Amino acid sequence: MLLGSLKGDYAFRRLQKGQAGYSKYLSVRWRGDQEGRIRVGIIVTKKLGKAVKRNLVRRRLLEALRALLREVNFMQGALFKKMPSFSLLIIARPEAVQATYKELEQSLRHALIRAKLIQ
RNA sequence: GCAGUGAGGGACGUCUGAUCGCAGCAGUAGCUGAGGAAAGUCCGGGCACCACAGGGCAUAGUGCCAGUUAACGACUGGGCGCGUAAGGCGACGGCAAGUGCAACAGAAAGGAAACCGUUAUAGGUAUCAUCUAUAAGUUAUAGAUGAUACCUAUAAUAAGGGUGAAACGGUGUGGUAAGAGCACACCAGUACCGCUGGUAACAGGGGUAGCUAGGUAAACCCCACUUGGUGCAAGGUCCGAACGUCUGGGUUGACCCGACCUUAAGGCAAAGAAGACCGCUCGAGCCUCCUGGCGACAGGAGGCCCAGAUAGAUGAUCAGAACCCGCAAGGGUACAGAACCCGGCUUAUAGCCCUCCUGCAGCG
């Protein structure tokens with residue numbers, strides 16, 4: 001499954017009105033579109049630390065998302081012509097630095113369910 | 001041998017395998033995939049575009065000498081200063097052009113003057129000595145001269161004033177009213193002129209002169225040299241949205257001009273929004289050896305290809321090894337992530353290795 005990345009100020013601003021979900025280590029927002037693919041943006045602010053720590057959190061989140069997308073079913077609003085088609089924004093909280101990969105993955109699953117993106 | 005919160009250096013800074021995932025390359029199998037600082041962005045280049053006849057000013061920087069280098073404010077070697085020395089540190093041209101600045105203490109912080117002090121002269125006062133006069137009898141008073149002390153004025157002086165980071169050369173002799181480079185000898189320093197060694201900075205030594213010139217230039221400044229700006233989001237190619245214009249088509253109209261409409265009709269011009277591609281990684285490249293050089297480094301031979309992402313690829317899980325901590329279970333393995341590319345500098349850094357040093361213990 002191809003993952004596009006969100007680019008530009010407009011794409012991020014559009015998601016301010018999206019469906020939101022929260023969990024311990026992160027929050028998510030998503031919105032359906034007609035692109036026919038999944039586009040994702042991950043925000044890891046400087047509150048989390050320097051480049052090494054921020055990179056680690058971002059890569060773990062991206063890895064966890066890929067793992068989740070392989071096994072889950074999407075809600076109806078996220079589909080376009082029976083293909084998943086939406087923009088997703090993941091915002092890491094400062095506590096995410098201390099989390100292990102497993103904790104991040106669970107946290108992401110929890111948040112996506114609460115945002116009504118997956119079942 | 002052990003220890004060290006001692007110094008210096010390291011082209012040391014975890015390793016191996018499996019599975020899943022990501023990026024690049026490849027027809028496939030597959031191969032490759034962060035650092036010594038990738039960091040800070042403090043200097044210097046390459047490269048790119050813009051500006052530019054030449055010169056000057058300004059701004060900013062550099063500042064002992066020689067070398068290395070593409071270049072540098074870097075590096076190497078040397079000199080000088082500080083230090084007993086090993087060694088370390090030094091923006092290390094000029095304050096005997098000008099201007100400015102200096103807490104506290106101190107008489108005074110730059111004008112060599114004031115003050116204290118010293119000395120001479122004059123005046124006054126006191127005391128003493130001598131002489132004279134008067135009165136009286138072994139004394140008193142007055143005057144004169146001299147000496148000493150104190151006070152005042154004028155002149156001379158910078159020897160002395162002990163404070164300070166720093167006080168207008170030092171020591172001695174002569175000299176003088178007292179003193180003073182005032183004169184002389186030696187020493188230190190300065191300027192100039194030769195000599196010797198060195199490419200040079202500079203070092204050694206000689207002569208002459210004058211008599212001394214405080215500190216501070218990462219204070220202004222003076223002198224010498226260097227210095228255009230912006231940074232790969234540079235810049236370029238493809239492609240080409242909206243806006244323009246012309247032709248066409250339509251409406252109005254008897255027709256023409258005109259006006260309005262039309263964008264899934266076409267042309268021209270321009271546009272830099274979005275996107276794709278180039279720039280982009282083979283380079284002042286890396287490794288080994290040889291030659292030259294004290295060295296920085298240079299030359300040669302052979303071998304090698306070693307990230308190129310673009311909101312940004314390195315992650316997850318498991319197994320094992322190494323080192324450290326702990327009796328054990330177990331825990332820990334730093335600083336830190338490429339963003340056009342190189343050369344430096346600076347800062348961060350657990351542990352490991354090498355050389356030297358120190359301590360303790362043992363042996364000879």
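A residue is taken as near a molecule or strand if one of its heavy atoms lies within 4 Å of it, and helices (H or I, at least four residues) and strands (E, at least two) are DSSP runs numbered from the N terminus. With those terms in hand, helix α2 (residues 51–71) gives the most to the surface near RNA strand B, with nine residues. The model is predicted, so to speak of local features pLDDT has to be at least 70, side-chain atom pairs count only at pLDDT 80 or more, and totals for chains, interfaces and linings use all residues. Residues are numbered from 1 along each chain as its sequence is written, chains are lettered from A and ligands numbered from 1 in the order in which they are written, and side-chain values use heavy atoms, leaving out hydrogens and water.

First, the overall layout. Chain A comes to three helices and seven strands, and from the N terminus on its elements run β-α-β-β-β-α-β-β-β-α. Of its 119 residues, 41% are buried, where buried means under 20% relative accessible area, exposed over 50%, and partly exposed in between (1.4 Å probe, protein chains only). Contacts (heavy atoms within 4.5 Å) reach well along the chain: among those between residues at least 6 apart in sequence, 80% join residues at least 24 apart.

Back to the RNA. A total of 14 residues surround RNA strand B, and the closest are Ser5, Leu6, Arg58, Arg59 and Arg60. By class, this surface has five nonpolar, two polar and seven charged residues; here Ala, Val, Leu, Ile, Met, Phe, Trp, Tyr, Cys and Pro count as nonpolar, Asp, Glu, Lys and Arg as charged, and the others, Gly among them, as polar. On the RNA side, 79% of the strand B atoms within 4 Å of the protein belong to sugar or phosphate, and the rest to bases.

Some polar contacts can be picked out by residue. Such a contact is a pair of N or O atoms within 3.5 Å; within protein, one must be able to donate a hydrogen and the other to accept it, and residues adjacent in sequence count only if both atoms are side-chain atoms. An N or O atom in the side chain of Arg59 sits 2.8 Å from a phosphate oxygen of RNA strand B, and for Arg60 the distance from a polar side-chain atom to a phosphate oxygen is 2.7 Å. Glu63 goes to a base instead: an N or O atom of its side chain is 3.2 Å from a base nitrogen of the strand.

Now for the inside of the protein. A nonpolar core is a set of buried Ala, Val, Leu, Ile, Met, Phe, Trp, Tyr and Cys residues joined through side-chain atoms within 4.5 Å. The largest one holds 31 residues, of which Val28, Leu88, Ile90, Leu108 and Leu112 touch the most other members. At least two residues of this core come from each of β3 (26–32), β4 (38–43), α2, β7 and α3 (101–114), and α2 gives the most, with six. Leu108 touches Leu26, Val28, Leu61, Ala64, Leu65, Leu68 and Ile90, leaving aside residues up to four places away in sequence.

Leu15 lies in the loop between α1 (8–14) and β2 (19–22) and is buried, with a relative accessible area of 1%. Its C-alpha atom is 6.4 Å from that of Trp30, 15 residues away along the chain. Beyond four places in sequence, the residues that Leu15 touches include Leu6, Trp30, Ser87 and Leu88. Ser87, in strand β7 (residues 86–92), is likewise buried, at 2%; among its contacts beyond four places in sequence are Leu6, Arg14, Leu15 and Asp33.

Finally, the aromatics. A pair of aromatic rings is described by the distance of the centres and the angle of the planes. Rings of Phe, Tyr and Trp (its six-membered ring) pair if their centres lie within 6.5 Å, and planes under 30 degrees apart count as stacked, over 60 as edge-to-face and the rest as tilted. The structure holds two such pairs. Trp30 and Phe86 have ring centres 6.1 Å apart and planes at 75°, so this pair is edge-to-face. Because Trp30 lies in strand β3 and Phe86 in strand β7, the pair ties together parts that are 56 residues apart in sequence. Trp30 counts as buried at 8% relative accessibility, and Phe86 at 0%. Phe74 and Phe86 form a tilted pair, 5.7 Å centre to centre with 55° between the planes. Ring pairs thus link Trp30, Phe74 and Phe86 into a cluster.
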